[in-house]
Structure formats: structure tokens, C-alpha cells
Amino acid sequence: MKVFIINGPNLNLLGTREPAIYGHKTLEDVAAECQALGAELGIEIEFRQSNFEGQLVEWIQEAIGTADAIVINAAAYTHTSVAIYDALKSYHGLKIELHISHPHLREPFRHTSYVSPVVHAMVAGFGTNGYSLIIEMLPQLLGKT
Ligand code: CA2
């Protein structure tokens, strides 16, 4: 089982600012937790982050034919990106949207998601624990239990 965990803009700042919203862990901490949990469950985790929309699109395309699932925190591009919507539509494996915060409890511009209509499930509001919650569910969701 191979899973791409794709993170969008500014998530490289995790743990350095806005801890009340995003917590104290760095993205490196979260990546290490995901790798460790993935190893326990026999899941190969490809954990990536980019501040560039086109790079995120290329990684979604790379997942086509190579990954069993995509977990995506598209960050601010969640609320703006038709390109990410189109790319996700072309990927036919399991797709899960992830947010550290709960966007619907925040500013109105975060209430629209271009990702939600093209994914199977969404996890939001569990802080950085959301990454582990999803990984724990993957064997069941992928029918490998
Ligand atoms: O809650 C989430 O995971 C978000 O996807 C995070 C995005 C935001 O635009 C979405 O509405 C919700 C922002 C990521 C920025 O991350 C930072 C982390 C630490 C410090 C500054 C920004």
C-alpha cells in the first residue's frame, strides 16, 4: 500500500506561528509520526509539502497509477483552486481531504472547498492528530484488513 500525503502552502510554517490554531508540532514532526505509523501498518507514506499550486497538481498526477490513496491538505488552495479540483477528479483511488483546523468555524472565505466535491471523506478540526487518524483508517478504507 502506498499513500501520498500532500500538503499545500504555508504548512511548512507549522509549529513556528499561530499555535492556537495549528498546534506546536512542526511539519517534520508530523511527517515523522506519519512515517512511523505507516511502517507499523505496512503503508508506504510519501509525505510532501509545496507552496506552489502547479507542484501540488503534478504530485496528484504522479499519484495516478502509483498510489492507492491521496490524503490532501491543500491549505489555502482548498478555497481557490480549480486546478487541484480537476487534478483530483482524474485520480480514481481513495481521496481524503484533511484540515488541521475546522474551516467552517473560521472566516467565510474558508467555508468553500474545491476539494470536498471530489474526495471520499474529510477530516477537520482534530489538529495535527488528523493525519494519524486518517492513516489508522486506511487499511479498513482500502479493504486491506
Ligand atoms: O486547517 C487547515 O489545515 C488549513 O488547510 C490550513 C490553511 C488554511 O488556509 C485553510 O483554510 C485550513 C493554512 C495553512 C497555513 O499554515 C500555517 C501554519 C503555521 C503558521 C502559519 C500558517
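Here are some short exercises, with worked solutions, on the predicted model shown above.

**Exercise 1. Work out in what order the strands of the open sheet sit, and which strands are at its edges.**

Step 1. Let's start with the layout: five strands line up in the order S2-S1-S3-S4-S5, and the pairing is parallel.

Step 2. Now look for strands that pair on one side only; these are the edge strands, S2 (44-49) and S5 (121-124).

Step 3. How are neighbours turned against each other? On average by 15 degrees, with direction ignored.

Step 4. Zoom in on one pair. Strand S3 (residues 69-73) and strand S4 (residues 94-99) run parallel and are joined by four bridges. Take Ala69 as an example: its bridge partner in S4 is Leu94.

**Exercise 2. Find which strands helices H2 and H3 lie across.**

Step 1. Pick out H2, residues 27-41. This helix lies across strand S1 (2-7) and S2, and its angle to S2 is about 165 degrees.

Step 2. Do the same for H3, residues 53-63. Here the strands are S1, S2 and S3, and the helix runs at about 170 degrees to S1.

**Exercise 3. Describe how H3 and H4 pack, and decide what to call their arrangement.**

Step 1. Remember what you need: two packed helices are described by the angle between their axes and the distance between the axes.

Step 2. For H3 and helix H4 (residues 82-89), the angle is about 5 degrees and the axes are 9 Å apart.

Step 3. Angles under 35 degrees count as roughly parallel, so H3 is roughly parallel to H4.

Step 4. Which residues meet? From H3 come Glu53, Leu56, Val57 and Ile60, and from H4 come Ala83, Ile84, Ala87 and Leu88.

Step 5. Sort the residues of this contact by class: seven are nonpolar, none is polar and one is charged.

**Exercise 4. Look for empty space in the model, and say what lines the largest cavity and the largest pocket.**

Step 1. Here's the idea: rolling a probe the size of a water molecule over the atoms shows where empty space is left.

Step 2. How many cavities of 30 Å³ or more does the structure hold? Just one. The largest cavity has about 40 Å³ of space.

Step 3. Its lining is made of His79, Glu97, His99, Pro103, His104, Arg110, His111, Thr112, Ser113 and Met122. By class, that gives two nonpolar, six polar and two charged residues.

Step 4. Turn to the largest pocket, with about 400 Å³ of space. It is lined by 18 residues, and those nearest its centre are Pro9, Asn10, Leu11, Tyr22 and Ala75. The lining splits into nine nonpolar, five polar and four charged residues.

**Exercise 5. Place Ser113 in the structure and find what it touches.**

Step 1. Ser113 is in the loop between S4 and S5, and it is also one of the residues lining the largest cavity.

Step 2. Leave out residues up to four places away in sequence; Ser113 then touches Thr78 and Glu97.

Step 3. Now compare sequence with space. Ser113 and Ser81 are 32 residues apart in sequence, and 8.7 Å apart in space from C-alpha to C-alpha.

**Exercise 6. Check the sign of phi at Asn10 and Glu18.**

Step 1. Most residues other than glycine have a negative phi.

Step 2. Asn10 is not a glycine, yet its phi is positive, about 75 degrees. Glu18 also has a positive phi, near 50 degrees.

Step 3. Where are they? Asn10 is in the loop between S1 and helix H1 (19-22), and Glu18 is in the loop between S1 and H1 too.

Key
Residues are numbered from 1 along each chain as its sequence is written. This is a predicted model: local features need pLDDT of at least 70, side-chain atom pairs count only at pLDDT 80 or more; totals for chains, interfaces and linings use all residues. Side-chain values use heavy atoms; hydrogens and water are left out. Two strands pair if DSSP finds at least two bridges between them. Helices (H or I, at least four residues) and strands (E, at least two) are DSSP runs, numbered from the N terminus. Axes are lines fitted to C-alpha atoms, for helices over the stretch in contact, and angles run from 0 to 180 degrees between N-to-C directions. Contact means heavy atoms within 4.5 Å. On a 1 Å grid over the protein atoms alone, a cavity is a set of points where a 1.4 Å probe fits but cannot get out, and a pocket is an open set with protein on both sides within 12 Å along at least five of seven lines; lining residues have an atom within 4 Å of a point. Grid points are joined across faces, edges and corners, and a volume is the space filled by probe spheres set on the points. Ala, Val, Leu, Ile, Met, Phe, Trp, Tyr, Cys and Pro count as nonpolar, Asp, Glu, Lys and Arg as charged, and the others, Gly among them, as polar. Angles under 35 degrees count as roughly parallel, over 145 as roughly antiparallel, 65 to 115 as roughly perpendicular and the rest as oblique.
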